[in-house]
Amino acid sequence: MSSHQFNFPVLKQRAVIVQAIRDFFRRSGFWEAETPQLVPLPSMEPYLEVFETQLLDQNRQPTRAFLISSPEYAMKQMLAAGSGNIFQITKSFRNAEGVSPRHNPEFSILEWYRVGADYLQIMDDCEQLLKSIAKTIHPDQQPILEYQGEIYNLTEPWERITVSQAFKKYAQIDQKTLLTTPKLLAASKERGYQVNEQTTWEEVYNQIFLNEIEPNLGKTKPTIIYEYPVSQAALSKKKKSDPRFAERFEFYINGLELGNAFSELTDWQ
């Protein structure tokens with residue numbers, strides 16, 4: 001492989017960013033975990049396609065094995081065993097997603113867990129982390145991100161908007177319509193989406209969210225969108241004051257989702 005195939009300035013900046021992430025979490029009372037990338041059981045997300053391979057023993061007898069789609073399950077085992085606050089930067093793998101500016105079958109992922117925290121505290125982590133990275137790269141400047149010719153202000157507080165507020169603001173769909181299947185299907189059909197007797201609430205929710213809401217998130221600074229309907233927040237705690245919604249959030253820059261988090265559901269029932 002010739003040297004011209006490498007973009008060394010980008011690779012060197014990536015190395016600085018990775019070190020800045022490590023420094024931030026160590027200062028914040030976390031320690032760095034390392035968990036397996038090759039595991040005997042795949043993840044339980046039905047919407048993710050995993051990579052499968054075979055392990056051969058000394059007699060060449062095969063055993064099924066899988067590449068991880070994220071380090072989530074192994075890290076949660078560590079948490080249950082009493083690890084305390086942990087973070088990890090590792091490779092993960094997702095099949096059947098193709099290659100695009102938003103997807104790659106092999107990618108790097110940062111995952112962290114703050115013991116005893118809720119989703120609001122993790123929102124603060126996200127704000128502080130990105131600001132810290134920016135200040136590491138440009139210590140004499142305000143914390144900004146330049147992406148595709150646009151400047152994004154990383155200083156806190158970021159914009160915060162609930163899913164219900166976003167549907168109202170960008171799609172003119174109120175909360176009652178959002179949470180009522182016949183009403184949301186009717187609203188979706190009026191907007192020109194394909195709706196038939198087999199169409200589900202989740203399908204039209206995703207159509208509207210991806211086409212009308214997501215592109216508006218994170219236009220000038222990061223946007224945190226939070227409190228998703230419970231059906232869209234597996235493993236999340238329900239919001240105590242309104243159990244129709246869950247304590248989950250994502251954050252976006254320029255319509256691109258960069259992080260997903262939630263208050264961990266700890267009640268096994």
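**Exercise 1. Backbone angles in two loops**

Task: In this predicted model, find the loop that holds L235, then describe the phi and the accessibility of L235.

Solution.
- Step 1. Locate the residue: L235 sits in the loop that runs between β10 and β11.
- Step 2. Read the backbone angle: the phi of L235 is positive, near 75°, and the residue is not a glycine.
- Step 3. Set this against the usual case: most residues other than glycine have a negative phi.
- Step 4. Classify the accessibility: the relative accessible area of L235 is 40%, so L235 counts as partly exposed, the class between 20% and 50%.

Now try N254 in the same way. Where does N254 lie? N254 belongs to the loop between β11 and β12 (256-262). The phi of N254 is positive too, about 55°, although N254 is not a glycine. With 25% relative accessibility, N254 is partly exposed.

**Exercise 2. A peptide bond to check**

Task: Inspect the peptide bond that joins E156 and P157, and state whether it is cis or trans.

Solution.
- Step 1. Take omega for the pair E156 and P157: the value is about 0°.
- Step 2. Assign the bond: E156 and P157 are joined by a cis peptide bond.
- Step 3. Recall the background: most peptide bonds are trans.
- Step 4. Place the residue: P157 is found in the loop between β8 (150-153) and β9 (159-162).

**Exercise 3. The two sides of helix α6**

Task: Sort residues of helix α6 (residues 181-190) into buried and exposed, and work out how the buried ones are arranged around the axis.

Solution.
- Step 1. List the buried residues of α6: L184, L185, A187 and S188.
- Step 2. Look at their directions: the arc they cover around the axis is only 160°, which means that they lie on the same side of α6.
- Step 3. Turn to the face away from that buried side: the exposed residues there are P182, K189 and E190.
- Step 4. Find the packing partners: the buried residues of α6 pack against α5 (175-179) and α7 (201-213).
- Step 5. Zoom in on α5, which contains T177. Leaving out residues up to four places away in sequence, T177 touches K183, L184 and A187. T177 counts as buried because its relative accessibility is 16%, and the cut-off for buried is under 20%.
- Step 6. See what comes after the helix: α6 is followed by G192, with a positive phi near 100°.

**Exercise 4. The nonpolar cores**

Task: Describe the largest nonpolar core and find which element gives the largest share of it.

Solution.
- Step 1. Count the members: the largest nonpolar core has 26 residues. Those with the most contacts inside it are F25, W112, L129, L130, I224 and F249.
- Step 2. Name the contributors: α1 (8-27), β5 (86-93), α3 (119-137), β10 (223-226) and β11 (248-253) each give two or more residues to this core.
- Step 3. Pick out the largest share: α3 supplies it, with 8 residues.
- Step 4. Follow one member: beyond its neighbours within four places in sequence, L129 is in contact with I21, F24, F25, L110 and W112.
- Step 5. Look for another core: one of 23 residues lies apart from the largest, and its members include I161, A187, F209 and L217.

**Exercise 5. The second largest pocket**

Task: Give the volume of the second largest pocket and characterise its lining.

Solution.
- Step 1. Start with the volume: the second largest pocket holds about 280 Å³ of space.
- Step 2. Count the lining: 14 residues line this pocket, and V39, L41, I68, Y73 and A74 lie nearest its centre.
- Step 3. Split the lining by type: 10 residues are nonpolar, 4 are polar and none is charged.
- Step 4. Find the main contributor: helix α2 (residues 72-80) gives the most to this lining, with 3 residues.

**Exercise 6. Sequence distance and spatial distance**

Task: For the pairs E49 with E97 and R14 with G116, set the separation along the chain beside the distance between C-alpha atoms.

Solution.
- Step 1. Take E49 and E97: they are 48 residues apart in sequence, and their C-alpha atoms are 8.1 Å apart.
- Step 2. Add the surroundings: E49 lies in the loop between β2 (38-39) and β3 (52-56). Not counting residues up to four places away in sequence, E49 touches R94, N95 and A96. E49 is partly exposed, at 47% relative accessible area.
- Step 3. Take R14 and G116: 102 residues separate them along the chain, and 31 Å separates their C-alpha atoms.
- Step 4. Place R14: this residue lies in helix α1 and is partly exposed, with a relative accessible area of 41%.

Conventions: Residues numbered from 1 in each chain as written. Predicted model: local features only at pLDDT ≥ 70, side-chain atom pairs only at ≥ 80, totals over all residues. Heavy atoms only, no water. Core = buried A, V, L, I, M, F, W, Y, C linked by side-chain atoms within 4.5 Å. Buried < 20%, exposed > 50% of the residue type's maximum accessible area, 1.4 Å probe, protein only. Helix = DSSP H or I, 4+ residues; strand = E, 2+ residues; numbered from the N terminus. Contact = heavy atoms within 4.5 Å. 1 Å grid on protein atoms, 1.4 Å probe; cavity = no way out; pocket = protein on both sides within 12 Å on 5 of 7 lines; lining within 4 Å. Points joined across faces, edges and corners; volume = space filled by probe spheres on them. Nonpolar A, V, L, I, M, F, W, Y, C, P; charged D, E, K, R; others polar. Arc of directions from axis to C-beta.
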